[in-house]
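Reader: Before we start, please take me through this model one question at a time. I would like the reasoning first and the value or name last.

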Amino acid sequence: MDIDKIQTVERLFYSIYNNTASLEERYSYYELILEEPCAEHVKNLMEKLLVEEPVVNLQDAGRRANVYASVAQQLGFEQKVKRPFVKMYWAAAAAVLLFVFFGVYQYQQLGQKDPVTLVEQDIAPGNESAVLILEDGQEIVLSAASNGEIANTNGIQISNDNKGQISYHHVGNGVSKSSLNTIKTRNGQCYTIQLADGTKVWLNAASTLQFQTTLEQGGTRQVQLRGEAYFEVAKDAKHPFIVQTDRQTVRVLGTHFNVSAYPNDYAGSTTVLEGRVAVKHKTVEHILNPGQQAVTTSRGTFVVKTDATRAVDWQQGDFALNNIKFEDAMQKIARWYDIDVIYEGNVDKTMLTGGWVSKKQPLSTVLRAIESLDLVRFERKGRTLIVKPYQSR
């Protein structure tokens, strides 16, 4: 079934690109690209137009502009959608195409500009940085720390490398004495940590990870998380690895999973990519397998099937925005670009967004992609972003 749909969406894509598609075919295309396999295939088709066709020269900005114009104009985003069954999907379907395309086209365009100009006129994407707080209160800005050893406490050596990562190692032959460490990222920051047991943790923006340097507490390895992190846990059957958040207790032996636990979010979630994870809320525990997600709200925890790779989009350098609420998408963007978002007028915060966009792009590129849908308009004053309904402009 997926193969049939992918073949259909490819045929429709080229019909639209060549301006031979009927209105009914465009409606069918919009609905198909809401589905993940079809959206991914459209992304590949876009890249093929830009890279693989012999007539395309990646240094030819005019050719790239023509490719974009041909697709966007022939889709007819300016049309008023009258069919009820299409109306509810329009924003998400259009966004799939435009976010996918801007991930390829606009990033290449901006890459040719003077980076100094971009810094002066735009808000750059976030970077690899964090603050390490030792038990005695000493704070170390990791992006400014020199490579090599940055601290050695009670038999645990903390080292910094040139790839934006710190690691903990036992040194000497004695028993290491544990001490409490905290790593914090602000908005617009992320960082990677390798703990003393070999576990790797990718810390997202506006997040805090707290742990004992030896990790061991009463026969378990434990960390406390506020914010979001992706874990690749080193296997140790004798010492379960526990992630404690305000809403969930996540217990594993060795696996790959993502935990989102921002205090101001409506729900906290754990998503499993590999292995099995036990998620506990109050007295109720759920066992998750790969492709499952446990979502916890004030009403309790429910388990759903999901595309687990979408939960770690941020760790891979992208925003995956398919079928999430507009307000949630803007919150992701706000954390990464360190901006405040306010709404004016009757903006529908619950409308579905869609698609993919690279986190390496400056803020203006992301905003232009969203504005291209003719659903909202943005006004930026410093680091405050005002979202207005399209008709208010």
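Author: A definition comes first: two strands count as paired if DSSP finds at least two bridges between them. The model discussed here is predicted.

Reader: By that rule, which strand pairs with β2, and how do the two run?
Author: Two bridges would be enough for a pair. Strand β2, residues 131-133, has 3 bridges to a strand at residues 180-184, and the two run antiparallel. One position in this pairing is Ile133, which stands opposite Thr182. The partner of β2 is β7.

Reader: How many bridges join β7 to β10?
Author: Strand β10 covers residues 208-217 and runs antiparallel to β7. Leu180 has Gln212 of β10 as its bridge partner. The number of bridges between β7 and β10 is 5.

Reader: Is Leu215 buried or exposed?
Author: Leu215 is placed in strand β10. Its phi is positive, about 75 degrees, although Leu215 is not a glycine. With a relative accessible area of 0%, Leu215 falls under the 20% limit and therefore counts as buried.

Reader: Lys282 has a positive phi as well. Is Lys282 buried or exposed?
Author: Phi of Lys282 is near 60 degrees, and the residue is not a glycine. Lys282 sits in the loop between β16 (277-281) and β17 (284-288). Its relative accessibility is 67%, which is over the 50% limit, so Lys282 counts as exposed.

Reader: What is the strand order of the open sheet with 3 strands?
Author: The pairing in this sheet is mixed. Its edge strands, each paired on one side only, are β21 (340-343) and β23 (376-381). Neighbouring strands are turned by 25 degrees against each other on average, direction ignored. The order is β21-β24-β23.

Reader: Which residue of β24 stands opposite Lys381?
Author: Strand β24 comprises residues 384-389. It is joined to β23 by 6 bridges, and the two strands run antiparallel. The residue opposite Lys381 is Thr384.

Reader: What angle does α10 make with β21?
Author: Helix α10, residues 326-337, packs on the sheet and touches β21, β23 and β24. The angle between the direction of α10 and that of β21 is about 150 degrees.

Reader: What span does α10 reach from its first C-alpha to its last?
Author: The helix has 12 residues. At 1.5 Å a residue, a span of 16 Å is expected, and the model is close to that value. Right after α10 comes Asp338, with a positive phi near 55 degrees. From first to last C-alpha, α10 reaches 16 Å.

Reader: Which aromatic-named positions, Phe326, Trp336 and Tyr337 included, belong to the buried residues of α10?
Author: The buried residues of α10 include Ala329, Met330, Ile333, Ala334 and Arg335. The list also holds the positions you name: Phe326, Trp336 and Tyr337.

Reader: How many residues of α11 are buried?
Author: Helix α11, residues 363-371, lies across β23 and β24 and runs at about 155 degrees to β23. Its buried residues are Leu363, Thr365, Val366, Leu367, Ala369, Ile370 and Glu371. The helix is mostly covered, and the number buried is 7 of its 9 residues.

Reader: What separates the C-alpha atoms of Ile123 and Ile339?
Author: Ile123 is found in the loop between α7 (115-121) and β1 (127-128). At 4% relative accessible area, Ile123 is under the 20% limit and so is buried. Beyond four places in sequence, its contacts are Tyr337, Ile339, Pro362, Leu363, Arg380, Gly382 and Arg383. Ile123 and Ile339 are 216 residues apart along the chain, and their C-alpha atoms are separated by 9.1 Å.

Reader: How many disulfides does a search of the whole structure find?
Author: A disulfide would be a pair of cysteine sulfur atoms within 2.5 Å. Cys38 is buried, with a relative accessible area of 1%, and Cys190 is buried at 11%. The number of disulfides found is 0.

Reader: Finally, what share of the residues of the protein chain counts as buried?
Author: The chain has 11 helices and 24 strands. Its accessible surface is about 18800 Å², with 48% belonging to carbon and sulfur atoms. Of its 393 residues, the share that counts as buried is 49%.

Terms used. Residues numbered from 1 in each chain as written. Predicted model: local features only at pLDDT ≥ 70, side-chain atom pairs only at ≥ 80, totals over all residues. Heavy atoms only, no water. Helix = DSSP H or I, 4+ residues; strand = E, 2+ residues; numbered from the N terminus. Buried < 20%, exposed > 50% of the residue type's maximum accessible area, 1.4 Å probe, protein only. Areas by Shrake-Rupley, 256 points an atom, 1.4 Å probe, with all protein chains shown as cover. Contact = heavy atoms within 4.5 Å. Axes fitted to C-alpha atoms, helices over the stretch in contact; angles between N-to-C directions. Expected span 1.5 Å × (residues − 1).
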